[in-house]
2 protein chains.
Amino acid sequence: MTMLPTRAGTKGMPRAERERQVLAAATEEFGRRGYEATTMATVAARVGVTKPLLHQYFGSKQDLFLGCLEPVGDRLLTAVRTAMADHDNGAPPTPLRVLRALFDALDGQREAWFVLYDPSLPPGSEAAHRAAHYRDAIDELAATGTAELLRSTGSDDPLDADALKYAWRGLCTTLVRWWIEHPDQSPEAMAGRCARIFATARAVDPG
Amino acid sequence: MTMLPTRAGTKGMPRAERERQVLAAATEEFGRRGYEATTMATVAARVGVTKPLLHQYFGSKQDLFLGCLEPVGDRLLTAVRTAMADHDNGAPPTPLRVLRALFDALDGQREAWFVLYDPSLPPGSEAAHRAAHYRDAIDELAATGTAELLRSTGSDDPLDADALKYAWRGLCTTLVRWWIEHPDQSPEAMAGRCARIFATARAVDPG
DNA sequence: TCAGTAAATTACCCTAAGGTAAGATCAGTT
DNA sequence: AACTGATCTTACCTTAGGGTAATTTACTGA
């Protein structure tokens, strides 16, 4: 009698399921094209539905974006957090552990990274603030790692620390982008490749 | 009698001068906000003029973009080319020489870098192709540098080479972006900072 | 002084896209 | 068989922005 979580409605599928579908499609679309270039109609079409339904279910375009941002941000943040926490003495160095964690967390939906790092979010908007909040939280974690490094080389310039943190963030973004362009690469393969690349970079003549 | 390069016209200024003004403003705007988010009206307003004038002088929005792209692309390409050419034996290592050349070439108009690396260009458009052409030309130069490095570490995976090239490009982009957020930093200061950052990165425990 | 020309603007058109209102379609219930 | 409620669509409104046509303004030179 009571229809608790039963499939309901007409032609389509229950709301919860449709919402999951939409969020997956929107995350990929926002990540790939960016917020500005993504249209509600396109997202709707991807799941075989029309625009008004998205508005009924999620509200405005920005609300839909926020719906994508939260799970992605949480997932990435905890991935980095745990990767930095378990530093067994036999484990790979922290940067590689973090990268490996990111690749694992993004596997299956690699574009999700760019939901966090979308430069086309309306400045000053709720979406921009929330995305920045997640970025800052991740940067915070990165900062503890880089600070350690900087002490070891004797640099105490705070701007150096900031730039290094920034460079690390940019490097992660770049590597994820490369990964997206090479869909056949597994997270493991990527982690190994990063290790080799780091080793190569270390071979630069220090002038 | 003949009015060769004389100041002409009415209230404003001669066309050549206005065009230079517009190109400077548009380059900054395209670089800062990206192609999509830049509006003709905004660029026009920046130089105290209205939209139709831009169309009369440059044609379409894309034409205006191409007008910005060409000088920027040429400037950056030759900067990198010459930086890689003069490797005296006492000089800093190639990556740092290239960065220094970029900072010098971009000084006074740092956003110009992102005219080349704008992800919001209409896919398949003339603008996208031309920008890609410049990027590829610069990458080509970078590839000769990274290939040398890779030989020295024994890796012969072509994907490693591609990823390294890609990572280098991304690192440059990231460093320029940091620089834009720190307007008081001179090119010299940036070059020095990059050297310190590289040294710090080399201190990562190789696992 | 008056014609010619360059510089620039006002007023307009058209399309794309965010957003909404109202109705259509169907599952299950009574 | 009619009702209820969930799903989903058609048709529409509104705004922003690229682009154009026609006109105005003012300098220059005869």
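1. Buried area. In this predicted model, chain B and chain A bury about 3,200 Å² between them. Carbon and sulfur atoms account for 69% of that area. On the side of chain B, the residues that lose the most area to chain A are B:Tyr166, B:Thr200 and B:Arg202, together 20% of what that side buries.

2. Contacts. The interface puts 33 residues of chain B in contact with 33 residues of chain A. The interface residues of chain B are, to 100%, also interface residues in chain A, so the copies meet through the same surface.

3. Symmetry. A turn of 180° with a shift of 0.0 Å along the axis lays chain B on chain A, with an RMSD of 0.0 Å. This is the relation of a two-fold axis. B:Arg202 has the C-alpha nearest the axis in chain B, 2.6 Å from it. B:Arg202 is also among the three residues of chain B that lose the most area to chain A.

4. Polar and charged pairs. Between chain B and chain A there are eight salt bridges. One salt bridge joins the side chains of A:Asp160 and B:Arg196, at 2.6 Å from N to O. The two chains also have twelve residue pairs in polar contact, counting pairs with both residues at pLDDT 80 or more.

5. Elements and composition. On the side of chain B that touches chain A, α7 (126–153), α8 (158–180) and α9 (187–201) each supply at least two residues. The largest share, twelve residues, comes from α8(B). By class, this side of chain B has 16 nonpolar, eight polar and nine charged residues.

Definitions and conventions:
Residues are numbered from 1 along each chain as its sequence is written. Chains are lettered from A and ligands numbered from 1 in the order in which they are written. This is a predicted model: local features need pLDDT of at least 70, side-chain atom pairs count only at pLDDT 80 or more; totals for chains, interfaces and linings use all residues. Side-chain values use heavy atoms; hydrogens and water are left out. Copies are superposed by least squares on the C-alpha atoms of residues with pLDDT of at least 70 in both. Contact means heavy atoms within 4.5 Å. Buried area is the accessible area (1.4 Å probe) that two parts lose on being put together, summed over both. A salt bridge is a side-chain nitrogen of Lys or Arg within 4 Å of a carboxyl oxygen of Asp or Glu. A polar contact is a pair of N or O atoms within 3.5 Å; within protein, one must be able to donate a hydrogen and the other to accept it, and residues adjacent in sequence count only if both atoms are side-chain atoms. Helices (H or I, at least four residues) and strands (E, at least two) are DSSP runs, numbered from the N terminus. Ala, Val, Leu, Ile, Met, Phe, Trp, Tyr, Cys and Pro count as nonpolar, Asp, Glu, Lys and Arg as charged, and the others, Gly among them, as polar.
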